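User: I should like the grounds for each term applied to this structure. Please set the values against the definitions.

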Amino acid sequence: MEPIRNRDSDARAAQPRPAGSRAERDLEVQRPEGLYCPPGDFFIDPWRPVERAVITHAHADHARAGHRRYVAAVDCAALMRARLGALSVHGLQWGETLPVNGVRVSLHPAGHVLGSAQVRLEAGGRVWVVSGDYKLEADASCGAAFEPLRCDVFVTESTFGLPVYRWAPQRAVFDEIDHWWQANAEAGRTSVLYCYALGKAQRVLAGVNPDIGPLLCHGAIEPINAVYRAQGIALAPTLHATRTGDPAVMRRALVLAPPSAAGSTWMRRFGTCSDAFASGWMQLRGARRRRAVDRGFVLSDHADWPGLHAAIAATGAARVVVTHGHVDTMVRWLEECGFEAQAFRTEYGDDDPDAAAPAPDREQP
Ligand SMILES: [Zn+2]
Ligand SMILES: [Zn+2]
């Protein structure tokens, strides 16, 4: 792999590192454009256009259009092209090292969605890991399971960083979905399951029992399914929901649709149906009622409270930086546990419905 170098970076990389202040030695800092690696001169998941962006995963709040050059895992690159069109992406295999201005950059599975990566940065004898979004439970639709990495500083999300969030094993959740679907099919009712189009829908397709009935997908989900299949992920066969007019098929079907389809005219074609929402937010009292759906299935692509702690402990890091979600709660908890903890203010979480539910503190009547 040809190292990437900016002008003057050779000289910079060859010199012994000056013993400057800690901020000068940090491998990741926050800038108005996004998280920035000063010695490498690149950004990770920037929210404003930059020259070079390393992308953790293809969700809209992390992978944005408008950067000049991208570095991403090969599977992530395929999803980004499907979402954002033609891009200049340098695709990396898991664990492959790309030197960028003297910083050794490698990507390692984060287990969040297909191609989701933790970014490992190594320079001057220090290792930082920027984990993006992640979950620990292995999930066939991601292709690769979360890889614990040792590091000096761990940058973590905290989307579900409250003690109330504890996930049941995913098999138990898929069994619940199967039972609901089966009962609806026997009663001649279409089952409509709202789930995020990138990641959650494919995880459901890989997890439910396709023998119960046909699987129909909304037009926002089918193109993502095609990318997953092209990247070698086995998903149950699906039909395009709007191209299936047969009422007999619809009555036994499980329809996957993005949350934005709820209450839309698109939904009318299904007649009598039972609807449900699959999200980590369904753990909260009142969340299902607010969504006005019949059922809520607690299925998240993020780590739960114990999962966040397990992931952090496994890094061996003494210092932890929290990027998004319940940042203050997590920082306080880490400090109580003896970590050196801080927050980076980021713009992640806005476009991901999985990260856009009301905070539970607003739940109280
Ligand atoms: Zn995400
Ligand atoms: Zn996120």
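Analyst: pLDDT is the predictor's confidence in each residue, from 0 to 100. This is a predicted model, in which local features need pLDDT of at least 70 and side-chain atom pairs count only at pLDDT 80 or more, while totals for chains, interfaces and linings use all residues. Residues are numbered from 1 along each chain as its sequence is written, and chains are lettered from A and ligands numbered from 1 in the order in which they are written. The protein chain has a mean pLDDT of 90, with 89% of its residues at 70 or more.

User: Where does pLDDT stay under 50?

Analyst: It does so over residues 7-18, a stretch with 8 contacts beyond four places in sequence in the model; two residues are in contact if their C-beta atoms, placed from the backbone, lie within 7 Å. Residues 354-365 also have a pLDDT below 50, with 19 contacts beyond near neighbours in sequence. Where pLDDT is low, the predicted coordinates should not be read in detail.

User: What makes a segment count as a helix or a strand here?

Analyst: Both are DSSP runs numbered from the N terminus: H or I over at least four residues for a helix, E over at least two for a strand. On that basis the protein chain has 10 helices and 19 strands.

User: Why are β9 and β10 said to pair?

Analyst: Pairing requires that DSSP find at least two bridges between the strands. Strands β9 (residues 117-123) and β10 (residues 126-130) share 5 bridges and run antiparallel, so the criterion is met. Leu121 stands opposite Trp128 in β10. The two strands form a hairpin with 2 residues between them, and Gly124 in the turn has a positive phi of about 55°. On β11, to which β10 is joined by 3 bridges in parallel, Val153 is the bridge partner of Trp128.

User: What is the order of strands in the open sheet of 7 strands?

Analyst: The order is β7-β8-β9-β10-β11-β18-β19, with mixed pairing. β7 (97-100) and β19 are its edge strands, each paired on one side only. Neighbouring strands are turned by 25° against each other on average, direction ignored; such angles are taken between lines fitted to C-alpha atoms (for helices over the stretch in contact) and run from 0 to 180 degrees between N-to-C directions. Helix α9 (residues 305-315) lies across β10, β11 and β18, at about 175° to β11.

User: How do you know which side chains of β8 are buried?

Analyst: A residue is buried if 20 or more other C-beta atoms lie within 10 Å of its own, exposed if 12 or fewer, and partly exposed in between, with C-beta atoms placed from the backbone. In β8, Val103, Val105, Leu107 and Pro109 point to one face and are buried, whereas Arg104, Ser106 and His108 point to the other and are not. In a regular strand the side chains alternate between the two faces of the sheet. β8 (residues 103-109) is joined to β7 by 4 bridges, antiparallel, and Thr97 has Ser106 as its bridge partner. Over the whole protein chain, buried residues make up 48% of 365.

User: What makes the buried residues of α10 line one face of the helix?

Analyst: In α10 (residues 327-336) the buried residues are Val327, Met330, Trp333 and Leu334. Down the axis they fall within an arc of 135°, so they line one face; the arc is that of the directions from the helix axis to the C-beta atoms. The face turned away carries the exposed residues Asp328, Arg332 and Glu336. Among what covers the buried residues are β11 (153-158), β18 (319-325) and β19 (340-343). Just after α10, Gly338 takes a positive phi of about 95°.

User: Why is one set of residues called a nonpolar core?

Analyst: The term denotes a set of buried Ala, Val, Leu, Ile, Met, Phe, Trp, Tyr and Cys residues joined through C-beta atoms within 7 Å. The largest such set has 104 residues, and those with the most contacts inside it include Ala72, Met80 and Ala201. Helix α3 (residues 74-84) gives the most to this core, with 5 residues. Beyond its neighbours within four places in sequence, Ala201 is in contact with residues including Cys217, Ile221 and Leu256. α3 also lies across β5 (69-73) and β6, at about 125° to β5.
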